[in-house]
Amino acid sequence: MASIPLPTAKHSLPSLLHAQTPKTLLSQKLPNLPKSFQSQFCGVKLSHSSNFAVPSSFKKSSILAKVSKGSVAPSFSLKDQDGKTVSLSKFKGKPVVVYFYPADETPGCTKQACAFRDSYEKFKKAGAEVIGISGDDPSSHKAFAKKYRLPFTLLSDEGNKVRKDWGVPADLFGTLPGRQTYVLDKNGVVQLIYNNQFQPEKHIDETLKFLQSA
Amino acid sequence: MLKDPILKSKWYHRAWVASGCTTVLVSLAKSVTVAADSGIWLQPILAGLVGYMLADLGSGIYHWGIDNYGDENTPVFGSQIEAFQGHHKWPWIITRRQFANNLHTLARAVSFTVLPIDLIFNDPVLHGFVGVCLGCIMFSQQFHAWAHSTKSKLHPLVVALQDAGVLVSRSIHGAHNRPLYDSNYCIVSGVWNELLDTYKVFEALEMILFYKLGVRPRSWSEPSPSWTEETDTSSLIAES
């Protein structure tokens, strides 16, 4: 998924998605859908290097990939909900779950934040930190965190610069910011990328499962 | 007896329902007669089926829009928006409305839509689609009312059609009529509900509208106390 961040590329590469063994957990229950839609509704996970032959016509899109599995996540410095500047480098030495979400106070993002909150102790037990990132400003994050008693850091990616730098793909033909979560190891290297717009709680399941098995 | 007079049909309610039915029947008649003359049956019938399916989808989209956006001051739709919110508060009232009272708003819209088509076009396939689609839309309020009724009060044929999924069932629609009123919006047959809800189509549209225009749909918040379903209805029914 991360190697083909562009929406147009994503929709034209159903066979490539299939080769990366996406977790389409609902696919058994849902009618047959193009795989390009399945990822938005059922989630796509990249967690291990898959040896597959990339057709030469698709190689161009992998060069455009920003952050992919195995790469060192680019650093950033963003303001948190208290207005303090936080750098990604601060978390080096422990695994970090960085989750990009569309917006505060929307149903999916609220479900996701609350699910991370409810499992936060498990993440801590696995030695990991959790960071949520959206384009909302610090005051929006502060209100959101307060209302739902979120114990972790929310960062303001104003202008969505970091989202673009990391190559988080947009959904629904570019109309909606994507919901994508990265798990970085203690050296800041990306080990898991999970994308699922409409089943936000699955981000917690997938990342926790990965951290607990590592 | 109900003491609220606005549940009875007025003469102009009946007039609109009559005109709506007339335009739809003319359309269906045109479809049948021209099809018979040309000897084609399959396409008009298929067009009718498509019309029936799209009426259900259309009912859902319209219902979603009215339930979630605007308020009583919105131009054109304000009174309907208020009526829909009132329906959430007092869902049983729809079963007490007289027939024309319940349908006249839709019948008026259908009259204006179908009349020009009746006057201008003769194509049996087009009329097969229009007659069935707009007919189902006009009667969707009746199907809706039946979905709020109890089994014992319904004609066995209506119950059979609900159980068969031809008309929206009491249980499927009942799933809509509870906070946050964010699912099962279709009210003709309800056949689209599972697909739309499984694929979170309306949630996706809501997210796009929120992200692009900053408008929050009503279904994202608990309904205000003034619009939450009222279970004490003694003030609305006079002792007979």
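**Figure 1. Strand β2 of chain A and its partner β6.** In this predicted model, β2(A) and strand β6 (residues 153-156) of chain A run antiparallel and are joined by 2 bridges. One residue to look for here is K79(A), whose bridge partner in β6(A) is S156(A). General background for this view: strands of a sheet pair through backbone hydrogen bonds, either parallel or antiparallel.

**Figure 2. The hairpin of β2 and β3 in chain A.** Now we turn to the other partner of this strand. Strand β2 (residues 77-80) of chain A is linked to strand β3 (residues 85-87) of chain A by 3 bridges, and the two run antiparallel. Two pairs are worth picking out: L78(A) has V86(A) as its bridge partner in β3(A), while K79(A) stands opposite T85(A) in β3(A). The hairpin has 4 residues between the strands, and G83(A) takes a positive phi near 85°.

**Figure 3. The open sheet of chain A.** Stepping back from the hairpin, you can follow 8 strands through an open sheet of chain A, in the order β1-β8-β7-β4-β5-β6-β2-β3, with mixed pairing. β1 (44-46) and β3 of chain A stand at the edges; each has a single partner strand, so one side of each is left without a neighbour in the sheet. From one strand to the next, the twist averages 30°.

**Figure 4. Two helices of chain A that pack on the sheet.** Helix α5(A) packs on the sheet and touches β4 (96-100), β5 (129-134) and β7 (180-184) of chain A, its direction making about 165° with that of β4(A). Helix α9(A) also packs on the sheet, touching β1, β4, β7 and β8 (190-195) of chain A. The direction of α9(A) makes about 160° with that of β8(A).

**Figure 5. Where α5 meets α9 in chain A.** Which residues make the contact between α5(A) and α9(A)? The axes of helix α5 (residues 107-118) and helix α9 (residues 202-213), both of chain A, come within 8 Å and cross at roughly 35°. On the α5(A) side, the contact is made by Q112(A), A115(A) and F116(A), and on the α9(A) side by H203(A), I204(A) and T207(A). Sorted by class, this contact has 3 nonpolar, 3 polar and no charged residues.

**Figure 6. A salt bridge between α9 and β1 of chain A.** Over all chains, the structure holds 8 salt bridges. One view to enjoy is the salt bridge in which the side chains of E206(A) and K45(A) meet, at 3.0 Å from N to O. The pair links distant parts of the chain: E206(A) lies in helix α9 of chain A and K45(A) in strand β1 of chain A, 161 residues apart.

**Figure 7. The interface of chain A and chain B.** Here 18 residues of chain A are in contact with 13 residues of chain B. About 1,400 Å² is buried between the two chains, and carbon and sulfur atoms give 70% of that area. P107(A), T175(A) and F198(A) supply 31% of the area that chain A buries against chain B, more than any other three residues. The side of chain A that touches chain B is made of 11 nonpolar, 5 polar and 2 charged residues. The count of salt bridges between chain A and chain B is 0, and 2 residue pairs are in polar contact across the interface.

Notes. Residues numbered from 1 in each chain as written. Chains lettered and ligands numbered in written order. Predicted model: local features only at pLDDT ≥ 70, side-chain atom pairs only at ≥ 80, totals over all residues. Heavy atoms only, no water. Axes fitted to C-alpha atoms, helices over the stretch in contact; angles between N-to-C directions. Contact = heavy atoms within 4.5 Å. Nonpolar A, V, L, I, M, F, W, Y, C, P; charged D, E, K, R; others polar. Pairing = 2+ DSSP bridges. Buried area = accessible area lost by both parts, 1.4 Å probe. Salt bridge = Lys/Arg side-chain N within 4 Å of Asp/Glu carboxyl O. Polar contact = N/O pair within 3.5 Å; in protein donor to acceptor, adjacent residues only side chain to side chain.
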